[in-house]
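Here is a short briefing on a ligand site and a disulfide. Keep the structure open while reading.

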Amino acid sequence: MAEETLDLRALPKAEAYRQLEGHVRAVLHGVHDPIAAMATMSALIHHAFGHLWTGFYRVVEPGALLRVGPYQGTVGCLEIAFGRGVCGTAAAEQRSVIVADVSDFPGHITCDARSRSEIVVPIMNGRGALIAVLDIDAAEPGAFDDEDQRGLERMVAWFAEDSA
Ligand code: SME
């Protein structure tokens, strides 16, 4: 069961995230490796919802630079400066950012021209330090809302509980 990839598109979002979080936690049980967790979460979230791009940008220079980590989708930009684009804004301000229409976001970085909306969620470790952001892009405008933010923030709390 834990090895399966769920397709949760038919469910209401709150229920989809509840099931997905249970699945992620079951697959990662006993694992204490943030990169393995990023790879697993990317695959499970991406296929559960059929997103365009799902992945992580890791903090490689605190306060300055993000570099791509595990992801699913077409090739992503390699590096993003803090403060640039949606990912860099979420990292610099350490808050989740939802963009309903990427053409309305000044400085949006286009990695895949099909991207229409996105959500970026910051990830803290157990000491409260920013270690990465989770970036999800969708081909439809307005794909993400408060329920996505809540569901994803709960899921990435794993990094504060379970990693160094
Ligand atoms: N859209 C992001 C860039 C990363 S890619 O979409 C994979 C941004 O503006 O932060």
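**Ligand contacts and the disulfide**

A side-chain N or O atom of His-108 is 3.3 Å from a nitrogen atom of the ligand. The model is predicted. Two further contacts involve oxygen atoms of the ligand, and they are listed below with the shell and the disulfide.

**Polar contacts**
- Asp-137 places a polar side-chain atom 2.7 Å from an oxygen atom of the ligand.
- Ile-109 uses its backbone instead: an N or O atom there is 3.0 Å from a ligand oxygen atom.

**Burial**
- On its own, the ligand would expose 300 Å², and the protein buries 99% of that area.
- The ligand sits in the largest cavity.

**Shell around the ligand**
- Three elements each give two or more residues to the shell: β1 (53-61), α3 (85-93) and β6 (130-138).
- The top contributor is α3, with three residues.
- Residues around the ligand include Trp-53, Tyr-57, Gly-85, Val-86, Cys-87, Asp-135 and Asp-137.
- Also around the ligand are Ile-80, His-108, Ile-109, Cys-111 and Glu-118.
- Sorted by class, the shell holds seven nonpolar, two polar and three charged residues.

**Disulfide**
- The whole structure contains one disulfide.
- Cys-77 and Cys-111 form this bond, with an S to S distance of 2.0 Å.
- The torsion about their S-S bond is about -90°, so the disulfide is left-handed.
- Cys-77 lies in the loop between β2 (65-72) and β3 (79-81), while Cys-111 lies in the loop between β4 (97-99) and β5 (117-124).
- The pair therefore ties together parts that are 34 residues apart in sequence.
- Cys-111 is thus a link between the two topics: Cys-111 belongs to the residues around the ligand, and Cys-111 is joined to Cys-77.

Key:
Residues are numbered from 1 along each chain as its sequence is written. This is a predicted model: local features need pLDDT of at least 70, side-chain atom pairs count only at pLDDT 80 or more; totals for chains, interfaces and linings use all residues. Side-chain values use heavy atoms; hydrogens and water are left out. A residue is near a molecule or strand if one of its heavy atoms lies within 4 Å of it. A polar contact is a pair of N or O atoms within 3.5 Å; within protein, one must be able to donate a hydrogen and the other to accept it, and residues adjacent in sequence count only if both atoms are side-chain atoms. Accessible areas come from the Shrake-Rupley method with a 1.4 Å probe; for residues, only the protein chains shown count as cover. On a 1 Å grid over the protein atoms alone, a cavity is a set of points where a 1.4 Å probe fits but cannot get out, and a pocket is an open set with protein on both sides within 12 Å along at least five of seven lines; lining residues have an atom within 4 Å of a point. A molecule sits in a cavity or pocket if more than half of its atoms lie within 2 Å of its grid points. Helices (H or I, at least four residues) and strands (E, at least two) are DSSP runs, numbered from the N terminus. Ala, Val, Leu, Ile, Met, Phe, Trp, Tyr, Cys and Pro count as nonpolar, Asp, Glu, Lys and Arg as charged, and the others, Gly among them, as polar. A disulfide is a pair of cysteine sulfur atoms within 2.5 Å.
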